[in-house]
Each structure stands twice: as C-alpha cells, then as structure tokens.
Amino acid sequence: MDIANLGGLPEREKEEQEEKSSLVRNTVKNEDSERRTMITPALREALTKQGYQLIGSHSGVKLCRWTKSMLRGRGGCYKHTFYGIESHRCMETTPSLACANKCVFCWRHHTNPVGTEWRWKMDQPEMILKEAIENHQNMIKQFKGVPGVKEERFEEAMMVKHCALSLVGEPIMYPEINRFLKLLHECKISSFLVTNAQFPLEIRNLKPVTQLYVSVDASTKDSLKKIDRPLFKDFWQRFLNSLKALAAKQQRTVYRLTLVKAWNVDELQAYAELVSLGNPDFIEVKGVTYCGESSASSLTMANVPWHEEVIHFVRELVDLIPDYEIACEHEHSNCLLIAHKRFKIGREWWTWIDYNRFQELVQGYEDSGGSATFSAEDYMAKTPHWALFGASERGFDPKDTRYQRKNKSKDISGC
C-alpha cells in the first residue's frame with residue numbers, strides 16, 4: 001500500500017463522473033470562504049476525549065475495541081465471524097462527522113453536528129485517507145510490546161486491509177464519497193459503508209462498495225421518528241426510497257437492525273414488508289448497546305435485550321421471510337446474521353467474502369469505465385463451521401482465546 005502517492009488521480013477516469021466531481025469541487029471552492037468548519041473547538045474536545053483522532057475539518061478515525069481484542073488474540077468482531085474480515089487490520093473512520101439523525105442509541109451522545117445537507121468547508125479525499133491511515137497506524141504503534149499482543153498480528157495490523165465507514169456521522173453526506181471509495185480500493189482496502197437511509201439519491205449514485213449497509217432501526221413511521229429522531233420532514237419517504245435504491249445495487253447489501261427492547265421489537269410483519277422492499281443479501285440483528293446515561297437519550301439498561309431474546313426475534317422474523325434463513329451467530333456481541341438463501345450452496349453457507357477477488361472485480365469495473373459490472377455472488381467465500389448458527393463456538397473463532405471483561409458497561413463498539 002502506497003499512501004504517499006494518494007495525491008495523484010489515475011489518468012483513466014469516467015468522463016461523466018469526472019465532470020460531476022469537478023463541478024462539486026468548483027462549487028465548494030467558490031463557496032468555501034462562506035462556509036464554516038465542521039469541527040468546532042467544543043466538538044474537538046468532546047471527540048478527542050472519546051478517543052478520536054480528528055482529520056482536517058470534518059473527518060475522524062478511531063481504534064475499535066475489536067481491533068485491540070484481535071491484536072491480543074481475544075477474538076474479532078461480528079464482521080470477522082459473518083464475513084471473514086481481520087479485525088486487527090480494520091480501520092474505522094468517517095469522512096463526515098455530521099449526521100441527519102439524532103438516534104437514541106448513538107454511541108457519541110450527540111456530540112457531533114447535524115444537518116440535512118453539506119454546508120461546511122470540504123477537505124479532499126486524498127488528504128483524508130492519507131491522514132486516516134497514518135493516524136490509525138500511529139494508534140496501532142502504541143500496542144508494540146504491550147503484554148498479550150501477538151507480534152505477527154501487530155505486524156499485520158500496520159497494513160490496513162479493511163475500512164469500516166461507520167463511526168459517528170453519515171459518511172454518504174460527504175460530497176466526494178465516490179472518490180474516497182475509489183482511493184480505498186486502489187489501496188486494496190475493502191469498504192464497509194453504513195448509511196442511515198435518509199439520502200436515497202446518494203445511495204443510487206454510489207459506486208460499488210464491498211458491502212453496503214442501511215440502518216433499519218424501526219419498521220413504522222412512528223417508531224422510526226421516535227428512535228432515529230430524523231431531521232428531514234419527509235424522513236419516512238426518504239427511508240423507503242433508500243431501501244428501494246438498495247434493491248437496485250448489484251454488490252453485497254445489508255439491513256442492520258438494532259433491537260431496542262420495548263421500542264421496536266414488536267413490529268415483525270412490518271419488518272418483513274421492508275425486507276421485501278429492499279431485498280438485502282443479509283440482515284444483521286443486534287441488541288442495542290447501552291452507552292451510559294445521557295441527557296440526549298432516555299435509553300436505559302432495561303432497553304437492552306438478552307441474547308436469547310434476540311434469537312427469539314430472529315426466529316420469528318425468518319418465519320415471515322421465506323427466502324431467508326439464520327446463517328451465523330456472534331454471541332459475544334449479541335448479534336445474529338440472517339442470509340438470503342442464494343448464499344447457501346447445497347447445505348453450505350457462503351457468507352464470507354473473497355477480498356482479493358473483490359479487488360480484482362472493482363478494478364475491472366474502474367478500468368472499463370463502469371461497464372464491467374459484477375454481483376455479490378462473484379466474490380463470496382465459504383463460511384467456516386464455527387461461525388454458523390448452532391455451532392458450539394457461538395461465533396467465537398477457536399484460533400483465539402475468549403476473555404471475559406470485568407466491566408461490561410464500558411463495552412462501546414464503534415462498528
């Protein structure tokens with residue numbers, strides 16, 4: 001990976017995309033003097049305390065606790081179990097700290113700015129990615145020689161292989177998100193992008209990503225308003241249009257359901273209807289993580305479902321969506337994976353990702369100017385037995401050693 005040369009764009013560029021990017025850059029440049037910086041001194045102080053390394057005027061990177069866990073051989077995150085990522089080689093970042101929602105379960109207690117459109121000064125994606133990788137590597141370096149850290153994993157962690165665009169904020173709001181994704185792939189870094197389903201046009205215009213997530217935090221208009229607290233007045237139509245846009249994508253797509261006990265666990269038929277609308281490849285169902293008291297949210301520990309309650313919900317949901325089955329489980333993060341049956345070949349699940357094959361396919365897509373399309377099935381890989389639902393390991397990789405933390409109330413994962 002050569003991050004030193006990120007400043008230069010390749011000669012071949014799709015003409016239509018280049019014109020669009022040029023228009024965006026020129027528009028932002030002309031208005032830049034009138035726009036304010038997203039990261040205010042108060043925001044900088046708040047996010048720095050939360051472990052963020054801030055980049056430029058609107059981006060950030062943070063070391064996920066699962067990255068630290070896998071460095072020590074204590075297990076990876078659910079994306080390791082479900083899709084085969086290497087958690088110690090995953091960089092968690094966002095090119096936009098701003099968001100269009102104020103979700104009650106937000107990990108950052110709403111210290112970030114909100115908005116319905118980009119109205120801040122804008123940094124270039126080459127700079128953001130270069131500094132994100134450098135900051136991530138500097139955080140990894142702090143673990144050199146720490147007791148328990150595996151030397152071979154430390155060396156591997158210095159070479160970023162995956163990028164989770166899922167921190168606080170809405171990455172798809174960033175006007176140059178497609179250029180940022182393209183740069184990731186040129187560096188042979190996979191892309192896991194999460195959106196809150198309020199920007200359907202941006203979803204439609206999004207270039208191929210390794211895996212595209214849409215947060216489906218509720219299945220009715222009233223409950224979505226209560227849980228996500230969106231800024232858009234037409235939030236429900238935007239939400240539905242985002243799911244329709246997801247259905248048109250050819251690469252891997254995921255619904256992310258966060259279960260909030262007593263808030264959104266009783267709307268099974270409505271959830272099933274939303275599944276038929278977006279036809280995702282996968283559905284992740286996770287119990288909400290309680291992040292402590294906050295004046296910005298009324299969420300309490302009483303809203304956190306037990307793992308068996310999550311399993312019960314998933315079983316009932318699968319009964320309503322005949323094209324899907326329960327595929328995987330990650331018990332230690334209270335999460336299950338429902339997969340479309342097209343990822344079951346014979347009796348074997350293929351939910352994992354062939355990352356090298358994806359990079360070949362996306363490079364072919366770019367080289368052809370977008371004509372060489374490819375599908376999710378083109379880069380799937382076989383799921384190991386220990387990751388499957390019903391396995392005795394319950395989603396814990398037997399190569400590692402499980403560690404029970406004494407204070408689970410501080411279990412705040414950014415991914």
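These exercises, with worked solutions, explore a predicted model of a protein chain.

**Exercise 1. The overall make-up**

Task: Find how many helices and strands the protein chain has, and what share of its residues is buried.

Solution:
- Start with the elements. The protein chain has 13 helices and 14 strands.
- Turn to burial. Of the 415 residues in the protein chain, 59% are buried.
- Look at the surface. The accessible area of the protein chain is about 17,800 Å², and carbon and sulfur atoms hold 48% of that.
- End with the contacts. Take those between residues at least 6 apart in sequence: 76% of them join residues at least 24 apart.

**Exercise 2. The cysteines**

Task: State how many disulfides the structure holds, and work out why Cys 90 and Cys 328 form none.

Solution:
- The number of disulfides is 0.
- Recall the cut-off: two cysteine sulfur atoms must lie within 2.5 Å.
- Take Cys 90. Its closest cysteine sulfur belongs to Cys 77 and is 6.5 Å away, so the two are too far apart for a bond.
- Take Cys 328. Its closest cysteine sulfur is in Cys 335, at 9.9 Å, again too far for a bond.
- Check burial as well. Cys 90 has 10% relative accessibility and counts as buried. Cys 328 is buried too, at 0%.

**Exercise 3. The surroundings of Thr 67**

Task: Place Thr 67 in its element, decide whether it is buried or exposed, and list what it touches.

Solution:
- Thr 67 sits in helix H3, which spans residues 65-71.
- Its relative accessible area is 2%, so Thr 67 is buried.
- Set aside residues up to four places away in sequence. Thr 67 then touches Ser 87, His 88, Cys 90 and Ile 140.
- Cys 90, from the previous exercise, is therefore a contact of Thr 67 that is itself buried, at 10% relative accessibility.
- Now compare sequence with space for Thr 67 and Glu 86. They are 19 residues apart in sequence, and their C-alpha atoms are 8.5 Å apart.
- Glu 86 has links of its own. A network of salt bridges joins Glu 86, Arg 89 and Lys 161.

**Exercise 4. A buried acid without a salt bridge**

Task: Locate Glu 170 and find which side chain of opposite charge is nearest to it.

Solution:
- Glu 170 is in the loop that runs between strand S4 (162-165) and helix H7 (177-186).
- Glu 170 is buried, yet it has no salt bridge.
- The nearest side chain of opposite charge is that of Arg 238, 9.6 Å away.
- A salt bridge needs the nitrogen and the carboxyl oxygen within 4 Å, so that distance rules one out.
- Look for another partner. The side chains of Glu 170 and Thr 195 make a polar contact at 3.3 Å.
- Beyond its neighbours within four places in sequence, Glu 170 has contacts that include Ser 96, Ala 98, Cys 99 and Phe 199.

**Exercise 5. Three salt bridges**

Task: Give the number of salt bridges in the structure, then describe the pairs formed by Glu 134, Glu 176 and Glu 331.

Solution:
- Begin with the principle. Opposite charges on side chains can pair when the charged atoms come close.
- The structure has 19 salt bridges.
- First pair: Glu 134 bonds with Lys 130 in a salt bridge, with the closest N and O atoms 2.8 Å apart. Both belong to helix H5 (residues 125-141); they are 4 residues apart, so about one helical turn separates them. Glu 134 is partly exposed at 29%, and Lys 130 is partly exposed at 30%.
- Second pair: Glu 176 and Arg 179 form a salt bridge at 3.4 Å, N to O. Both residues are buried.
- Third pair: Glu 331 meets Arg 402 at 3.1 Å, N to O. This pair links distant parts of the chain, 71 residues apart. Glu 331 is in the loop between strands S9 (324-330) and S10 (335-340), while Arg 402 is in the segment after strand S14 (380-381). Glu 331 is partly exposed at 24%, as is Arg 402 at 36%.

**Exercise 6. Helix H11**

Task: Identify buried residues of helix H11 and the elements they pack against.

Solution:
- H11 covers residues 268-278. Its buried residues include Leu 268, Tyr 271, Leu 274 and Val 275.
- Those buried residues pack against helices H10 (235-247) and H12 (307-320). They also pack against strands S7 (252-259), S8 (282-287) and S9.
- Asn 279 follows H11 and has a positive phi, near 45°.

Key:
Residues numbered from 1 in each chain as written. Predicted model: local features only at pLDDT ≥ 70, side-chain atom pairs only at ≥ 80, totals over all residues. Heavy atoms only, no water. Buried < 20%, exposed > 50% of the residue type's maximum accessible area, 1.4 Å probe, protein only. Helix = DSSP H or I, 4+ residues; strand = E, 2+ residues; numbered from the N terminus. Contact = heavy atoms within 4.5 Å. Areas by Shrake-Rupley, 256 points an atom, 1.4 Å probe, with all protein chains shown as cover. Lys, Arg positive; Asp, Glu negative; His and termini not counted. Polar contact = N/O pair within 3.5 Å; in protein donor to acceptor, adjacent residues only side chain to side chain.
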